[in-house]
Amino acid sequence: QVQLVESGGGLVQAGGSLRLSCAASGRTFSRNDMGWFRQAPGKGREFVASISWSGGRTYYADSVRGRFTISRNNAKNTVYLQMASLKPEDTAVYYCATMTLASSRRGDYWGQGTQVTVSS
């Protein structure tokens, strides 16, 4: 089982950028598809982006495509979410998760989350 710890959240003005990191422990990280999800206040958790174990395939929610980039470094057991052109509606707690299949948009094991707040 993989344990996940997110970092990099914070307060940023609209139009700004942030990079989230998710550090994983466990020997199976490099064989896991990974994803980022978010939950805004009063809303359910939603898919943001995912990446296959090799990094060769990526998937994005329509709301972030072209602004966010997911990547991974298997040597460092870390997956990243580079967020640019941030909007107030991107405000949420962001979670990383292992995924059985990156295209499924469903997470299996979750981190504790990191808060991202975008001010207008």
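This report covers the fold, the surface, two buried residues and the aromatic pairs of a predicted model.

## Overall fold

The protein chain has 10 strands and 0 helices. Along the sequence the pattern reads β-β-β-β-β-β-β-β-β-β. The radius of gyration is 13 Å, close to the 14 Å that the globule rule gives for 120 residues, so the chain is as compact as a globular protein of that length.

The C-alpha atoms fill a box of roughly 40 × 25 × 25 Å along the principal axes. Of the contacts with a separation of 6 or more, 56% are between residues 24 or more positions apart.

## Burial, surface and charge

Buried residues make up 44% of the 120 residues. The chain exposes about 6200 Å². Carbon and sulfur atoms supply 46% of that area.

The chain carries 14 positive and 7 negative charges. The mean positions of the two sets are 6 Å apart.

## M34 and T98

M34 lies in strand β4, which covers residues 33–39. Its relative accessibility is 0%, so M34 counts as buried. Leaving out residues up to four places away in sequence, M34 touches L4, C22, F29, A49, S50, I51, I70, R72, V79, A97, T98 and M99. One of these partners, I70, is 36 residues from M34 along the chain. The C-alpha atoms of M34 and I70 are separated by 9.4 Å.

T98 sits in strand β9, residues 92–99. With 2% relative accessibility, T98 also counts as buried. Leaving out residues up to four places away in sequence, T98 touches V2, L4, N32, D33, M34, R106, G107, D108 and Y109. L4 thus appears in the contact lists of both M34 and T98.

## Aromatic pairs

The structure holds 3 aromatic pairs. F37 and F47 form one that is edge-to-face, at 5.7 Å centre to centre and 75° between the planes. This pair links distant parts of the chain: F37 is in strand β4 and F47 in strand β5 (residues 45–51), 10 residues apart. Both F37 and F47 are buried.

Y95 and W110 form another edge-to-face pair, at 6.4 Å centre to centre and 90° between the planes. Y95 lies in strand β9 and W110 in the loop between β9 and β10 (114–119), so the pair ties together parts that are 15 residues apart in sequence. Y95 is buried, with a relative accessible area of 13%. W110 is partly exposed, at 33%. Ring pairs link F37, F47, Y95 and W110 into a cluster.

Technical notes. Residues numbered from 1 in each chain as written. Predicted model: local features only at pLDDT ≥ 70, side-chain atom pairs only at ≥ 80, totals over all residues. Heavy atoms only, no water. Helix = DSSP H or I, 4+ residues; strand = E, 2+ residues; numbered from the N terminus. Rg over C-alpha atoms; globule rule 2.2 N^0.38 Å. Buried < 20%, exposed > 50% of the residue type's maximum accessible area, 1.4 Å probe, protein only. Contact = heavy atoms within 4.5 Å. Areas by Shrake-Rupley, 256 points an atom, 1.4 Å probe, with all protein chains shown as cover. Lys, Arg positive; Asp, Glu negative; His and termini not counted. Charge placed at Lys NZ, Arg CZ, Asp CG, Glu CD. Phe/Tyr/Trp six-rings, centres within 6.5 Å; stacked < 30°, edge-to-face > 60°.
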